Amino acid sequence: MSAIAVQANPAPAPAPARKRRGKKLERVNPLVYVVAWLLVGVCIGPVLFIIFGGLRTNSQITADPSGFPTTWEWGNYSSVLNSSLFWQQAGNSAISAIATTIGVVILGVMASFVLARYDFKAQPAMYSLFAAGLMFPMTVAITPLYILIKNLGLMNSLAGIILPQIAFALPTTIIILVPFLRAIPKELEEAAAIDGASRLGFFFRMVVPLSIPGVVTVGILAFVAAWNSYMLPLFILNDEAMYTLPLGVQSFASQYSVDTARVLAFTSLSMIPALIFFSLFERRIVGGLTGAVKG
């Protein structure tokens, strides 16, 4: 009877396994934290140096280049913010980044939908062509691109930098969005067709909402890349009033090379919008890339 009772009430086995898993999670090598903090310091250190450098005087920077401000000099930032040229260049950067983002999102979703949901002979070749575009940065094609833009009459205009930025951002966009759109079940498309939805209706009502994480990811990446773009505007724009902020920083630094504190203030104000934008949507980027890998 005792043997039967033991067989009828077996002891639970998963409990020790849970405890072992918990012990494994608790054991973290302190070296990981040390390396992580070192990497954070390497990344944040230059940014803090530029921001705090704009709050110092030139004499303080000369005496101690890496020190903190002894007296906070807000006049450097106020003089930059009171400059109409700074706001004009900031507006050019905003227009360029927003227009590039919109173009990348619209064209990227449409092209990715075709490559992900339709089977045709040229589909593998087209996808491989976009994937190969990741290996050709803008620096390699800057000379023929300059000639093409000049022949199109787009020199010294924002359109001359917006269109190439959209083209060079499409490979990354398609590589990220295609897995999202392939992961949408075909049964969902068939059910929508039975309910009377056309292909465009299915695209706008189902595909676009379901691919929002990937769309947000590529939109943020395109915005930050367009905001920080330097090489293409350097070749295309030749009027200071049409400069974007990266070019404005270079022009301001050459014009006020002696006033180091003011140059640092201008530099920090030009990069703060991109840093804030990227920091606010950092989790969206990670979530979108994770979904693309899973898809």
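# Exercises on a predicted all-helix chain

Leaving aside neighbours within four places in sequence, Q123 touches L115, Y118 and R182. The model is predicted. The exercises start from this residue.

## Exercise 1: Q123

Task: State which helix holds Q123, and decide whether Q123 is buried or exposed.

Solution.
- Step 1. Find the element. Q123 sits in helix 7, which covers residues 123–132.
- Step 2. Take the relative accessible area. For Q123 the value is 12%.
- Step 3. Apply the cut-off. Buried means under 20%. Q123 is therefore buried.

## Exercise 2: The whole chain

Task: Describe the chain by its helices and strands, its buried share and the reach of its contacts.

Solution.
- Step 1. Count the elements. The chain has 16 helices and zero strands.
- Step 2. Look at burial. The chain has 295 residues, and 34% of them count as buried.
- Step 3. Look at reach. Take the contacts between residues at least 6 apart in sequence. Of these, 72% join residues at least 24 apart.

## Exercise 3: Two serines in helix 6

Task: Compare S84 with S93. Which is buried and which is exposed?

Solution.
- Step 1. Place them. S84 lies in helix 6, and S93 lies in helix 6 too.
- Step 2. Classify S84. Its relative accessible area is 60%. Exposed means over 50%, so S84 is exposed.
- Step 3. Classify S93. Its relative accessible area is 1%. S93 is therefore buried.
- Step 4. List what S93 touches, leaving aside neighbours within four places in sequence. The contacts are W227, T244, L245 and P246.
- Step 5. Set sequence against space for S84. S84 and A241 are 157 residues apart in sequence. From C-alpha to C-alpha they are 10.0 Å apart.

## Exercise 4: Helix 6 and helix 14

Task: Work out how helix 6 and helix 14 are oriented, and what kinds of residue make their contact.

Solution.
- Step 1. Read the geometry. The two axes come within 8 Å and cross at roughly 150 degrees.
- Step 2. Apply the cut-off. Angles over 145 degrees count as roughly antiparallel. Helix 6 and helix 14 are therefore roughly antiparallel.
- Step 3. Name the residues. Helix 6 brings F86, Q89, A90 and S93. Helix 14 brings L245, P246 and G248.
- Step 4. Sort them by class. Four are nonpolar, three are polar and none is charged.

## Exercise 5: Helix 14 and helix 15

Task: Do the same for helix 14 and helix 15.

Solution.
- Step 1. Read the geometry. Helix 14 (residues 245–255) and helix 15 (residues 260–280) have axes that come within 10 Å. They cross at roughly 180 degrees.
- Step 2. Draw the conclusion. Helix 14 is therefore roughly antiparallel to helix 15.
- Step 3. Name the residues. L245, G248, V249, F252 and A253 of helix 14 meet R262, V263, F266, T267 and S270 of helix 15.
- Step 4. Sort them. The contact has six nonpolar, three polar and one charged residues.

## Exercise 6: Helix 10 and helix 11

Task: Give the orientation of helix 10 and helix 11, and the hand of their crossing.

Solution.
- Step 1. Read the geometry. Helix 10 (residues 186–194) packs on helix 11 at an angle of about 150 degrees, with the axes 11 Å apart.
- Step 2. Conclude. The two helices are therefore roughly antiparallel.
- Step 3. Add the hand. The crossing is right-handed.
- Step 4. Name the residues. L188, E189 and A192 come from helix 10, and F202, M206 and L210 from helix 11.
- Step 5. Sort them. Five are nonpolar, none is polar and one is charged.

## Exercise 7: The nonpolar cores

Task: Which residues touch the most other members of the largest nonpolar core, and which helix gives the most to this core?

Solution.
- Step 1. Find the best-connected members. The core has 18 residues, and V109, F113, L181, F202 and V207 touch the most other members.
- Step 2. Find the sources. Helix 6 (84–117), helix 9 (159–182), helix 11 (199–210) and helix 12 (212–227) each give two or more residues.
- Step 3. Pick the main giver. Helix 9 gives the most, with six residues.
- Step 4. Follow one member. Leaving aside neighbours within four places in sequence, F113 is in contact with Y118, L181, F202, F203 and V207.
- Step 5. Add the second core. It is separate and has 17 residues, including F86, V249, V263 and F266.

How values were computed. Residues numbered from 1 in each chain as written. Predicted model: local features only at pLDDT ≥ 70, side-chain atom pairs only at ≥ 80, totals over all residues. Heavy atoms only, no water. Core = buried A, V, L, I, M, F, W, Y, C linked by side-chain atoms within 4.5 Å. Buried < 20%, exposed > 50% of the residue type's maximum accessible area, 1.4 Å probe, protein only. Helix = DSSP H or I, 4+ residues; strand = E, 2+ residues; numbered from the N terminus. Contact = heavy atoms within 4.5 Å. Axes fitted to C-alpha atoms, helices over the stretch in contact; angles between N-to-C directions. Parallel < 35°, antiparallel > 145°, perpendicular 65-115°, else oblique. Left-handed = near helix turned anticlockwise from the far one by under 90°. Nonpolar A, V, L, I, M, F, W, Y, C, P; charged D, E, K, R; others polar.
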